[in-house]
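Ready for some structure practice? Have a look at the model shown here, then work through the exercises step by step.

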Amino acid sequence: MSIAAHPARHVRLEVEEGVARITLDRPERKNPLTFESYEELTDIFRMGERDEAVRAFVITGAGGNFCSGGDVHDIIGELLKRDTRGLMRFTAMTGGLVKAMRACPQPVIAAVDGIAAGAGAIIAMASDLRLATPEAKVAFLFNRVGLAGCDMGACAILPRIIGQGRASELLYTGRSLRAEEGLHWGFFNRVVAADALLPEAVALARDIATGPAFAHSMTKRMLAMEWAMSIEQAVEAEAVAQALCMTTNDFGRAYEAFAAKRRPEFQGD
């Protein structure tokens, strides 16, 4: 099944011009996640591994907020009733969403307005690029509910985005990271007006979608794999990756376009 044909029931899903746009759509509650929406998001991103028609994802929230995290009543109340085995099933499921976002070959762009808290902060963090409005507030609130900051890969991914000391501050205190500070720290790629957020995110996604899809997927793969490599290993891995990109038709198209003094039209093969 293609992503465009997926019968989304717990999020809003639209696919156009190579971009899959996912909207968390419970604005009256600031778009909290439920067991069902966790699973549906994971399924959609996993489908990205097989859907060559989708070249980029945009994920956002409805009604002026991104995501307030796990639904207090639907999730946290239920978790208090579970034994250790049941809790492990839940944490494996939530971590599975981050794995799916990182494993899909398409770049994922988070368009963050208002609150991005708890698991909402994690979704923004796990994305490849992050755009925000001046009203955006990101908070890793796990310590506020008696839990560790090491949730869904936060202790691995967040320090690589903003540095160990800054990540430690956010994970120990649970305080909000506001838009301008997030831009200064490198968490956000840019801050734009609220009415420009989604158009700019979609425009960025479409720009990526018109590029060489295989090469973009290789860039995403190398950015992830090289976290655990020495410089020497990384140089060797990139040599293999780049040689593979040179076997694609898009590489030939780029040369032909350069010779003809026109912009290449990449097709992803």
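**Exercise 1: The six-stranded sheet**

Strand S4 (residues 108–112) and strand S6 (residues 129–132) pair in the parallel sense, over 4 bridges. Helices (H or I, at least four residues) and strands (E, at least two) are DSSP runs numbered from the N terminus, and two strands pair if DSSP finds at least two bridges between them. The model is predicted: local features need pLDDT of at least 70, side-chain atom pairs count only at pLDDT 80 or more, and totals for chains, interfaces and linings use all residues. Residues are numbered from 1 along each chain as its sequence is written, and side-chain values use heavy atoms, with hydrogens and water left out.

Task: Find the order of the strands in the open sheet of 6 strands, then trace its pairs.

Solution:

Step 1. The order is S1-S2-S3-S4-S6-S9, and the pairing is mixed.

Step 2. Strand S1 (12–16) and strand S9 (190–191) stand at the edges; each has a single partner strand, so one side of each is left without a neighbour in the sheet.

Step 3. S1 and S2 run antiparallel and are joined by 5 bridges. Here Glu16 has Val19 of S2 as its bridge partner. In the hairpin of these two strands, with 2 residues between them, Glu17 takes a positive phi near 50°.

Step 4. Strand S2 (residues 19–24) runs parallel to strand S3 (residues 56–61), with 6 bridges joining them. Val19 has its bridge partner Ala56 in S3.

Step 5. Return to S4 and S6: Val112 has Ala132 of S6 as its bridge partner. S6 is in turn joined to S9 by 2 bridges, and the two run parallel. Ala132 has Val191 as its bridge partner in S9.

**Exercise 2: The three-stranded sheet**

Task: Work out which strands are the edge strands of the sheet S5-S7-S8, and which helix packs on the sheet.

Solution:

Step 1. This open sheet of 3 strands has mixed pairing and the order S5-S7-S8. Its edge strands are strand S5 (115–117) and strand S8 (176–178), each pairing on one side only.

Step 2. Neighbouring strands of this sheet are turned by 20° against each other on average, direction ignored. (Axes are lines fitted to C-alpha atoms, for helices over the stretch in contact, and angles run from 0 to 180 degrees between N-to-C directions.)

Step 3. S5 and strand S7 (residues 137–139) run parallel and are joined by 3 bridges. Ala116 stands opposite Val138 in S7.

Step 4. Helix H4 (residues 119–126) packs on the sheet and touches S5 and S7, where contact means heavy atoms within 4.5 Å. The direction of H4 makes about 95° with that of S5.

**Exercise 3: A pair of helices**

Task: Describe how helices H9 and H10 pack.

Solution:

Step 1. Two packed helices are described by the angle between their axes and the distance between the axes.

Step 2. Helix H9 (residues 213–225) and helix H10 (residues 231–245) pack at about 170°, with axes 10 Å apart. That makes H9 roughly antiparallel to H10. (Angles under 35 degrees count as roughly parallel, over 145 as roughly antiparallel, 65 to 115 as roughly perpendicular and the rest as oblique.)

Step 3. H9 brings Phe214, Ala215, Met218 and Met222 to the contact, while H10 brings Ala237, Glu238, Ala241, Leu244 and Cys245.

Step 4. By class, this contact has 8 nonpolar, no polar and 1 charged residues. (Ala, Val, Leu, Ile, Met, Phe, Trp, Tyr, Cys and Pro count as nonpolar, Asp, Glu, Lys and Arg as charged, and the others, Gly among them, as polar.)

**Exercise 4: The lining of a pocket**

Task: Say which residues lie nearest the centre of the second largest pocket, and which helix gives the most to its lining.

Solution:

Step 1. A pocket is an open set of points on a 1 Å grid over the protein atoms alone, with protein on both sides within 12 Å along at least five of seven lines, where a 1.4 Å probe fits; lining residues have an atom within 4 Å of a point.

Step 2. Of the 23 lining residues, Glu52, Pro105, Ala213, Phe214 and Ser217 lie nearest the centre of this pocket.

Step 3. H9 gives the most to the lining, with 7 residues.

Step 4. The lining divides into 8 nonpolar, 6 polar and 9 charged residues.
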